[in-house]
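Here are my comments on the model you sent, set out as numbered points. Please read them with the coordinates open beside you.

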Amino acid sequence: MIKILFICTGNICRSPMAEFIFKDMLKKRGLDHEFFVASAATSSEEIYRGVGNPVYPPARKILAAHGLSCEGKTAVQLRRSDYEKYDYLICMDRYNMQNAGIMLGGDPQGKLHKLMEFAQRPTEENPADTGHNRRGREASGTNRKRKSAANSWYTSETPDVADPWYTGDFETAYQDIVDGCEGLLNFLMGLGAVTK
């Protein structure tokens, strides 16, 4: 079984959208029995006294518009133990990568990726990128280039998934996630990791 964890900042918009979009793709292809898919947050902003908030209403709405339900999903925070539990930890943007890398104690097995690494798009800066924790840090370098957790942990020319928390544009985020999830599934099938 392949275990995938999608990661964003609060686990109420992009990562749960990715979780349910990917689960739907798997179900439609009859592959859902070969995967375990979940999502988590790098922050505790959406978790109060151990209870996570539900998926943000506009994210639920865009999923529902495409025939998908995220009923029962609540925010959970990434844990260090998730590194051993999952085969792929897929982040929505470069800041999620940096934070996840620090929280997980690094990425010695190369399990951390940005979702848009898998999308079939030219490498370019995403004009809608307005991710958390910006504070003047700029990303540069090449795909999957790693640095130590002490220094700007992850840099990449790969675009981020557009963050609808800031833009209000859930349709663009949805399409980014669909493209990334399709590419991820094609990548896994190309590796022979999936039997169909």
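1. The residues that line the largest pocket are Leu5, Glu19, Ala38, Ser39, Ala40, Lys73, Val76, Gln77, Arg79, Asp82, Lys85 and Tyr86. Please keep in mind while inspecting this site that the model is a predicted one. The volume of the largest pocket comes to about 150 Å³, and its lining is made up, by class, of five nonpolar, two polar and five charged residues.

2. Which elements supply at least two residues each to the lining of the largest pocket? They are strand E2, spanning 35–41, and helix H3, spanning 82–85. Of the lining, the largest share is that of E2, with three residues.

3. As to the overall architecture, the chain contains six helices and eight strands, and their order along the sequence is β-α-β-β-β-α-α-β-α-β-β-β-α-α. Among the contacts in the chain with a separation of 6 or more, 76% are between residues 24 or more positions apart.

4. On burial and surface, the chain has 196 residues, of which 52% count as buried. The area exposed by the chain is about 9,300 Å², and 49% of this area is supplied by carbon and sulfur atoms.

5. Strand E5, which covers residues 88–91, deserves a careful look in the viewer, since its side chains alternate: Tyr88 and Ile90 point one way, Leu89 and Cys91 point the other way, and all of them are buried. E5 runs parallel to strand E1 (residues 2–8), to which it is joined by four bridges, and in this pairing Ile4 stands opposite Tyr88. E5 also runs parallel to strand E6 (residues 112–114), here with three bridges, and Ile90 of E5 has His113 of E6 opposite to it.

6. Is Asn96 buried or exposed? Asn96, which belongs to helix H4 (residues 94–104), has a relative accessible area of 0% and is therefore classed as buried, the cut-off being under 20%. Leaving aside residues up to four places away in sequence, Asn96 touches Ile7, Cys8, Thr9, Arg14, Thr42 and Cys91. Of these, Cys91 is also one of the buried residues of E5 described above.

7. Glu157 sits in the loop that runs between strand E8 (154–155) and helix H5 (164–167). Its relative accessibility is 39%, so Glu157 counts as partly exposed, a class that lies between the cut-offs of 20% and 50%. Although Glu157 and Arg94 are 63 residues apart along the chain, their C-alpha atoms are separated by 9.5 Å.

8. Lys61, in helix H2 (residues 57–65), has a relative accessible area of 65%; Lys61 is therefore exposed, a label that requires over 50%. How many residues apart along the chain are Lys61 and Phe170? The answer is 109 residues, with a separation of 9.1 Å between the C-alpha atoms of Lys61 and Phe170.

9. To bring the accessibility points together, Asn96 is buried at 0%, Glu157 is partly exposed at 39%, and Lys61 is exposed at 65%.

Conventions
Residues are numbered from 1 along each chain as its sequence is written. This is a predicted model: local features need pLDDT of at least 70, side-chain atom pairs count only at pLDDT 80 or more; totals for chains, interfaces and linings use all residues. Side-chain values use heavy atoms; hydrogens and water are left out. Buried means under 20% relative accessible area, exposed over 50%, partly exposed in between (1.4 Å probe, protein chains only). Contact means heavy atoms within 4.5 Å. Accessible areas come from the Shrake-Rupley method with a 1.4 Å probe; for residues, only the protein chains shown count as cover. On a 1 Å grid over the protein atoms alone, a cavity is a set of points where a 1.4 Å probe fits but cannot get out, and a pocket is an open set with protein on both sides within 12 Å along at least five of seven lines; lining residues have an atom within 4 Å of a point. Grid points are joined across faces, edges and corners, and a volume is the space filled by probe spheres set on the points. Ala, Val, Leu, Ile, Met, Phe, Trp, Tyr, Cys and Pro count as nonpolar, Asp, Glu, Lys and Arg as charged, and the others, Gly among them, as polar. Two strands pair if DSSP finds at least two bridges between them.
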